[in-house]
Amino acid sequence: YTETKQLQALIKAVKSNKKSCLWDIGAAQGIYSLTATAAGAIKVVAFEPFEQSFQALVDNVKLNNFTKKVNTLKLAIGKQSGYQPLFFGKACPSMFNDTHEHTSSTRINVSTIDELIKKGIPSPSIIKIDIEGYELDALMGAKKLLSSPEKPPHLFIEIHDDYLKRIQKSHIDIFNLLETYGYSRNLTDEVKEGPRFLCHFVSTD
(Lines give C-alpha, C1' and ligand atoms only; values in the text may rest on other atoms or scores of the structure.)
Protein backbone atom coordinates (compact mmCIF):
# COMPACT_ATOMS: atom_id res chain seq x y z
CA TYR A 1 0.00 0.00 0.00
CA THR A 2 1.83 3.05 -1.32
CA GLU A 3 0.26 5.51 1.11
CA THR A 4 1.48 3.76 4.27
CA LYS A 5 4.55 5.98 4.49
CA GLN A 6 2.41 9.11 4.07
CA LEU A 7 -0.05 7.97 6.74
CA GLN A 8 2.81 7.34 9.17
CA ALA A 9 4.14 10.84 8.45
CA LEU A 10 0.64 12.25 8.94
CA ILE A 11 0.39 10.61 12.38
CA LYS A 12 3.73 12.20 13.36
CA ALA A 13 2.57 15.60 12.12
CA VAL A 14 -0.68 15.35 14.10
CA LYS A 15 1.13 14.32 17.27
CA SER A 16 3.62 17.19 16.95
CA ASN A 17 0.81 19.71 17.60
CA LYS A 18 -1.71 19.25 20.41
CA LYS A 19 -4.21 21.38 18.48
CA SER A 20 -3.85 19.79 15.04
CA CYS A 21 -6.54 20.59 12.49
CA LEU A 22 -6.47 18.63 9.22
CA TRP A 23 -8.12 19.68 5.99
CA ASP A 24 -8.53 16.47 3.99
CA ILE A 25 -9.08 17.68 0.42
CA GLY A 26 -10.23 14.81 -1.78
CA ALA A 27 -11.07 12.71 1.26
CA ALA A 28 -12.56 9.80 -0.73
CA GLN A 29 -13.73 7.26 1.87
CA GLY A 30 -11.82 8.97 4.68
CA ILE A 31 -8.59 7.05 5.37
CA TYR A 32 -6.61 10.24 6.12
CA SER A 33 -9.44 11.83 8.09
CA LEU A 34 -9.91 8.74 10.25
CA THR A 35 -6.17 8.26 10.76
CA ALA A 36 -5.66 11.88 11.83
CA THR A 37 -8.61 11.78 14.22
CA ALA A 38 -7.42 8.53 15.78
CA ALA A 39 -3.95 10.08 16.17
CA GLY A 40 -5.38 12.97 18.19
CA ALA A 41 -6.37 15.76 15.78
CA ILE A 42 -8.86 18.04 17.52
CA LYS A 43 -10.62 18.87 14.24
CA VAL A 44 -10.79 17.43 10.72
CA VAL A 45 -12.56 19.03 7.77
CA ALA A 46 -13.04 16.44 5.02
CA PHE A 47 -13.90 17.59 1.49
CA GLU A 48 -15.29 15.10 -1.03
CA PRO A 49 -17.46 16.16 -4.00
CA PHE A 50 -18.26 12.75 -5.51
CA GLU A 51 -21.59 11.46 -4.16
CA GLN A 52 -20.69 7.77 -3.75
CA SER A 53 -17.38 8.53 -2.06
CA PHE A 54 -19.00 11.21 0.11
CA GLN A 55 -21.62 8.78 1.40
CA ALA A 56 -18.91 6.22 2.20
CA LEU A 57 -16.95 8.96 4.00
CA VAL A 58 -19.97 9.95 6.10
CA ASP A 59 -20.69 6.29 6.93
CA ASN A 60 -17.06 5.66 7.96
CA VAL A 61 -17.00 8.72 10.20
CA LYS A 62 -20.21 7.57 11.92
CA LEU A 63 -18.96 3.98 12.20
CA ASN A 64 -15.88 5.20 14.07
CA ASN A 65 -17.86 7.60 16.29
CA PHE A 66 -15.89 10.58 14.99
CA THR A 67 -18.87 12.79 14.05
CA LYS A 68 -18.00 15.40 16.71
CA LYS A 69 -14.47 15.86 15.37
CA VAL A 70 -14.86 15.31 11.62
CA ASN A 71 -16.84 17.81 9.55
CA THR A 72 -17.73 16.33 6.14
CA LEU A 73 -18.38 18.72 3.23
CA LYS A 74 -19.62 17.68 -0.21
CA LEU A 75 -17.42 20.22 -1.93
CA ALA A 76 -14.46 20.42 -4.32
CA ILE A 77 -11.50 22.77 -3.84
CA GLY A 78 -10.04 24.81 -6.69
CA LYS A 79 -8.61 28.21 -7.62
CA GLN A 80 -12.01 29.91 -7.85
CA SER A 81 -15.56 29.33 -6.66
CA GLY A 82 -18.34 28.12 -8.92
CA TYR A 83 -19.53 24.90 -10.52
CA GLN A 84 -17.55 22.44 -12.61
CA PRO A 85 -18.12 19.02 -14.13
CA LEU A 86 -16.64 16.01 -12.33
CA PHE A 87 -15.93 13.05 -14.60
CA PHE A 88 -16.11 9.47 -13.37
CA GLY A 89 -16.15 5.87 -14.58
CA LYS A 90 -13.41 3.24 -14.49
CA ALA A 91 -10.76 5.74 -13.29
CA CYS A 92 -10.89 7.83 -10.11
CA PRO A 93 -13.26 10.81 -10.36
CA SER A 94 -11.49 13.90 -11.70
CA MET A 95 -12.23 17.38 -13.00
CA PHE A 96 -10.05 16.34 -15.95
CA ASN A 97 -11.90 14.19 -18.49
CA ASP A 98 -10.14 10.96 -19.44
CA THR A 99 -12.18 9.88 -22.47
CA HIS A 100 -10.97 6.26 -22.19
CA GLU A 101 -11.69 5.82 -18.48
CA HIS A 102 -14.46 8.31 -17.66
CA THR A 103 -17.92 7.48 -18.98
CA SER A 104 -20.15 9.85 -16.99
CA SER A 105 -20.10 13.30 -15.41
CA THR A 106 -21.86 15.28 -12.70
CA ARG A 107 -21.94 18.96 -11.71
CA ILE A 108 -20.14 19.82 -8.48
CA ASN A 109 -19.73 22.85 -6.24
CA VAL A 110 -16.20 24.29 -6.02
CA SER A 111 -14.75 26.71 -3.45
CA THR A 112 -11.27 27.91 -2.52
CA ILE A 113 -9.22 27.40 0.61
CA ASP A 114 -8.94 31.16 1.23
CA GLU A 115 -12.70 31.73 0.84
CA LEU A 116 -13.57 28.93 3.25
CA ILE A 117 -11.23 30.33 5.91
CA LYS A 118 -12.83 33.74 5.39
CA LYS A 119 -16.24 32.10 5.99
CA GLY A 120 -15.05 30.83 9.37
CA ILE A 121 -13.98 27.24 8.81
CA PRO A 122 -11.12 26.51 11.26
CA SER A 123 -7.72 27.22 9.70
CA PRO A 124 -5.70 24.05 9.08
CA SER A 125 -2.38 23.12 10.65
CA ILE A 126 -2.14 20.25 8.14
CA ILE A 127 -3.50 20.06 4.60
CA LYS A 128 -3.74 16.86 2.58
CA ILE A 129 -4.60 17.14 -1.13
CA ASP A 130 -5.44 14.25 -3.47
CA ILE A 131 -7.67 15.57 -6.24
CA GLU A 132 -6.50 13.86 -9.43
CA GLY A 133 -4.60 16.66 -11.17
CA TYR A 134 -6.29 19.71 -9.61
CA GLU A 135 -3.73 20.02 -6.82
CA LEU A 136 -2.11 23.06 -8.46
CA ASP A 137 -5.51 24.77 -8.72
CA ALA A 138 -6.21 24.11 -5.04
CA LEU A 139 -2.88 25.69 -4.06
CA MET A 140 -3.57 28.70 -6.28
CA GLY A 141 -6.77 29.25 -4.31
CA ALA A 142 -4.78 29.35 -1.05
CA LYS A 143 -2.48 32.32 -1.70
CA LYS A 144 -3.55 34.25 1.41
CA LEU A 145 -3.17 31.27 3.72
CA LEU A 146 0.17 30.10 2.32
CA SER A 147 1.69 33.59 2.51
CA SER A 148 0.45 34.27 6.05
CA PRO A 149 2.18 33.59 9.39
CA GLU A 150 -0.68 31.12 10.13
CA LYS A 151 0.16 28.89 7.17
CA PRO A 152 0.03 25.14 7.91
CA PRO A 153 3.42 23.61 8.87
CA HIS A 154 2.61 20.41 6.93
CA LEU A 155 1.25 19.78 3.43
CA PHE A 156 0.66 16.24 2.13
CA ILE A 157 0.04 16.37 -1.62
CA GLU A 158 -0.47 13.62 -4.16
CA ILE A 159 0.76 15.05 -7.47
CA HIS A 160 -0.59 13.60 -10.72
CA ASP A 161 1.78 14.37 -13.58
CA ASP A 162 -0.39 12.49 -16.08
CA TYR A 163 -3.16 15.06 -15.58
CA LEU A 164 -0.92 18.10 -15.04
CA LYS A 165 0.78 17.62 -18.40
CA ARG A 166 -2.56 18.38 -20.07
CA ILE A 167 -2.21 21.97 -18.89
CA GLN A 168 1.52 22.03 -19.70
CA LYS A 169 2.45 21.70 -16.02
CA SER A 170 4.24 19.09 -13.89
CA HIS A 171 5.36 18.33 -10.34
CA ILE A 172 8.17 20.85 -10.84
CA ASP A 173 5.63 23.68 -10.98
CA ILE A 174 4.19 22.61 -7.64
CA PHE A 175 7.64 22.20 -6.09
CA ASN A 176 8.62 25.70 -7.28
CA LEU A 177 5.36 27.30 -6.14
CA LEU A 178 5.61 25.87 -2.64
CA GLU A 179 9.26 26.86 -2.40
CA THR A 180 8.19 30.50 -2.90
CA TYR A 181 5.90 30.09 0.12
CA GLY A 182 8.73 28.73 2.28
CA TYR A 183 8.12 24.98 2.02
CA SER A 184 10.63 22.23 1.40
CA ARG A 185 10.14 18.57 0.51
CA ASN A 186 10.65 15.96 3.18
CA LEU A 187 12.35 13.42 0.92
CA THR A 188 12.26 10.71 3.60
CA ASP A 189 8.48 10.57 3.33
CA GLU A 190 8.24 10.90 -0.46
CA VAL A 191 6.94 8.09 -2.65
CA LYS A 192 6.93 7.99 -6.46
CA GLU A 193 4.74 5.52 -8.28
CA GLY A 194 4.53 5.95 -12.05
CA PRO A 195 3.21 9.46 -12.77
CA ARG A 196 2.18 9.96 -9.11
CA PHE A 197 4.24 11.68 -6.44
CA LEU A 198 3.15 11.39 -2.81
CA CYS A 199 4.89 14.35 -1.20
CA HIS A 200 5.25 15.81 2.29
CA PHE A 201 6.11 19.51 2.33
CA VAL A 202 7.26 21.17 5.54
CA SER A 203 7.29 24.89 6.27
CA THR A 204 10.83 26.16 6.79
CA ASP A 205 9.76 29.49 8.31
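## Strand 1 and its neighbours

Let's start with the cysteines: the number of disulfides here comes to zero, going by a cut-off of 2.5 Å between cysteine sulfur atoms. Keep in mind that this is a predicted model. Most of this briefing follows strand 1, which covers residues 21-25, and then looks at what sits beside it.

**Two cysteines**
- Cys21 has a relative accessible area of 5%, so it falls under the 20% cut-off and counts as buried.
- Cys199 comes out at 0%, so Cys199 is buried as well.

**Inside strand 1**
- Five of the five residues in strand 1 are buried, so the strand is largely enclosed by the rest of the structure.
- Which way do the side chains of strand 1 point? Cys21, Trp23 and Ile25 point one way, while Leu22 and Asp24 go the other way.
- That fits a general pattern: in a regular strand, side chains alternate between the two faces of the sheet.

**Partner one: strand 2**
- Strand 2 (residues 43-47) runs parallel to strand 1, and five bridges join the two.
- Look across from Asp24 and you'll find Ala46 of strand 2 standing opposite.
- Put helix 2 (residues 31-39) together with strand 1 and strand 2, and you get a right-handed β-α-β unit.

**Partner two: strand 7**
- Strand 1 also pairs with strand 7 (residues 126-129), in the parallel sense and over four bridges.
- Which residue of strand 7 is the bridge partner of Leu22? The residue to find is Ile126.

Definitions and conventions. Residues numbered from 1 in each chain as written. Predicted model: local features only at pLDDT ≥ 70, side-chain atom pairs only at ≥ 80, totals over all residues. Heavy atoms only, no water. Buried < 20%, exposed > 50% of the residue type's maximum accessible area, 1.4 Å probe, protein only. Pairing = 2+ DSSP bridges. Right-handed = clockwise from strand over helix to strand, strands pointing away.
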